[in-house]
Amino acid sequence: MNSLIRALASSGLLKKDLDYHLLRASMVIIFFFFGYQKWFNYEAQVLIPFIGNGPLISWMYPVFGIRGASTFLGVSEWTFGALILAGFWNKRLGILGAAGSVVTFIMTVTIIPFMPNGWAASAGGFPAMVGNVPFLMKDVVLLAVSIYLLKEDVVRACALPSQ
C-alpha cells in the first residue's frame with residue numbers, strides 16, 4: 001500500500017490546483033454538450049417529464065412553450081459554461097458561471113422527489129431508482145462541484161488586488 005501511495009504522490013495528482021482545473025474544465029464540457037442538445041426537438045420532447053414535474057422549472061412551459069423552454073435552457077447552459085470557462089482567467093466571471101451552475105443544479109435536483117414512477121415499487125420504492133431518477137442523480141454531484149467552484153472563485157477573487 002505504501003508503494004501505491006508513494007507512486008500516486010509522485011504522479012502529479014497532488015499538483016496544486018489540478019482538481020480545481022479539472023473540475024472547471026469538466027463543467028465547461030458538460031454545459032457545452034448538454035446545452036447543445038437543447039437546440040433540437042428530440043431533446044425538447046425528452047425534457048417534458050423533467051420540466052413538467054420540476055417544482056422550480058415547471059413555469060417555463062407556460063412562459064416559453066416546449067421548444068422555447070428547451071432553447072432557454074440551452075442558452076442558459078452555454079452562458080454558464082462560457083462564464084465558467086472565462087473563470088480560468090477572470091475569477092469574477094467564474095463566480096457568475098458557478099453561481100448560475102449552482103442554481104441550475106438546485107433546480108434539477110429538486111425534480112427528483114417529484115418524478116412520477118421514479119422509485120421501483122417491486123423493490124419497495126425509495127431508494128430503488130428507476131426511469132428518469134437515476135439520470136437526475138448525477139446532478140447531485142454536479143451541484144457539489146458547482147458549489148466547490150463558486151467557493152474557490154470567491155476565495156481567489158478576494159485574494160486578487162482590487163481592479
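This is a dialogue about how to read the helices, their packing, the largest pocket and some backbone features in a predicted model.

Colleague: Before turning to details, which helices and strands does the chain hold, and how are they ordered along the sequence?

Modeller: Keeping in mind that this is a predicted model, the chain has 7 helices and 0 strands, so that reading along the sequence gives the pattern α-α-α-α-α-α-α. Taken along the principal axes, the C-alpha atoms fill a box of roughly 50 × 45 × 25 Å.

Colleague: How should I describe two helices that pack, and what are the values for α2 and α5?

Modeller: In general, two packed helices are described by the angle between their axes and by the distance between those axes. In this model, helix α2, which covers residues 18-37, packs with helix α5, residues 60-86, at an angle of about 160 degrees, and their axes are 8 Å apart. Angles over 145 degrees count as roughly antiparallel, and α2 and α5 are therefore roughly antiparallel to each other. The crossing of these two helices, α2 and α5, is left-handed.

Colleague: Which residues of α2 and α5 make that contact, and how do they divide by class?

Modeller: From α2 the contact uses R24, M27, V28, F31, F32, F34, G35 and Y36, while α5 contributes G74, E77, W78, F80, G81, I84 and L85. Sorted by class, the contact of α2 with α5 consists of 10 nonpolar, 3 polar and 2 charged residues.

Colleague: At what angle does α2 cross α7, and what is that arrangement called?

Modeller: Here the axes of α2 and helix α7, residues 133-159, come within 10 Å and cross at roughly 130 degrees, which makes α2 oblique to α7. The crossing of α2 and α7 is left-handed. On the α2 side the contact is made by D19, Y20, L23, R24, M27, I30 and F34, and on the α7 side by F135, K138, L142, V145, S146, Y148, L149, E152, D153 and R156. By class, the contact of α2 with α7 has 10 nonpolar, 1 polar and 6 charged residues.

Colleague: What angle and distance between axes describe the packing of α6 and α7?

Modeller: The helices α6 and α7 pack at an angle of about 155 degrees, with 8 Å between their axes, and α6 and α7 are therefore roughly antiparallel to each other. In this pair, α6 passes α7 in a left-handed crossing. The residues of the contact of α6 with α7 comprise 16 nonpolar, 4 polar and 5 charged.

Colleague: Turning to empty space, how much of it lies in the largest pocket, and which residues lie nearest its centre?

Modeller: The general idea is that rolling a probe the size of a water molecule over the atoms shows where empty space is left. In this model, the largest pocket holds about 480 Å³ of space. Its lining consists of 29 residues, of which K38, L73, E77, T104 and T108 lie nearest the centre of the pocket. The elements giving two or more residues to that lining are α2, α3 (41-46), α4 (48-52), α5, α6 (91-109) and α7. By class, the residues of the lining divide into 19 nonpolar, 5 polar and 5 charged.

Colleague: Where is there a cis peptide bond, and which residues other than glycine have a positive phi?

Modeller: A cis peptide bond joins F126 and P127, with omega about 10 degrees, and P127 is found in the loop between α6 and α7. That loop between α6 and α7 is also the place of N117, whose phi is near 55 degrees, a positive value in a residue other than glycine. D17 likewise has a positive phi, near 70 degrees, and D17 lies in the loop between α1 (2-9) and α2.

Conventions:
Residues are numbered from 1 along each chain as its sequence is written. This is a predicted model: local features need pLDDT of at least 70, side-chain atom pairs count only at pLDDT 80 or more; totals for chains, interfaces and linings use all residues. Side-chain values use heavy atoms; hydrogens and water are left out. Axes are lines fitted to C-alpha atoms, for helices over the stretch in contact, and angles run from 0 to 180 degrees between N-to-C directions. Helices (H or I, at least four residues) and strands (E, at least two) are DSSP runs, numbered from the N terminus. Angles under 35 degrees count as roughly parallel, over 145 as roughly antiparallel, 65 to 115 as roughly perpendicular and the rest as oblique. A crossing is left-handed if the near helix is turned anticlockwise from the far one by less than a right angle, and right-handed if clockwise. Contact means heavy atoms within 4.5 Å. Ala, Val, Leu, Ile, Met, Phe, Trp, Tyr, Cys and Pro count as nonpolar, Asp, Glu, Lys and Arg as charged, and the others, Gly among them, as polar. On a 1 Å grid over the protein atoms alone, a cavity is a set of points where a 1.4 Å probe fits but cannot get out, and a pocket is an open set with protein on both sides within 12 Å along at least five of seven lines; lining residues have an atom within 4 Å of a point. Grid points are joined across faces, edges and corners, and a volume is the space filled by probe spheres set on the points.
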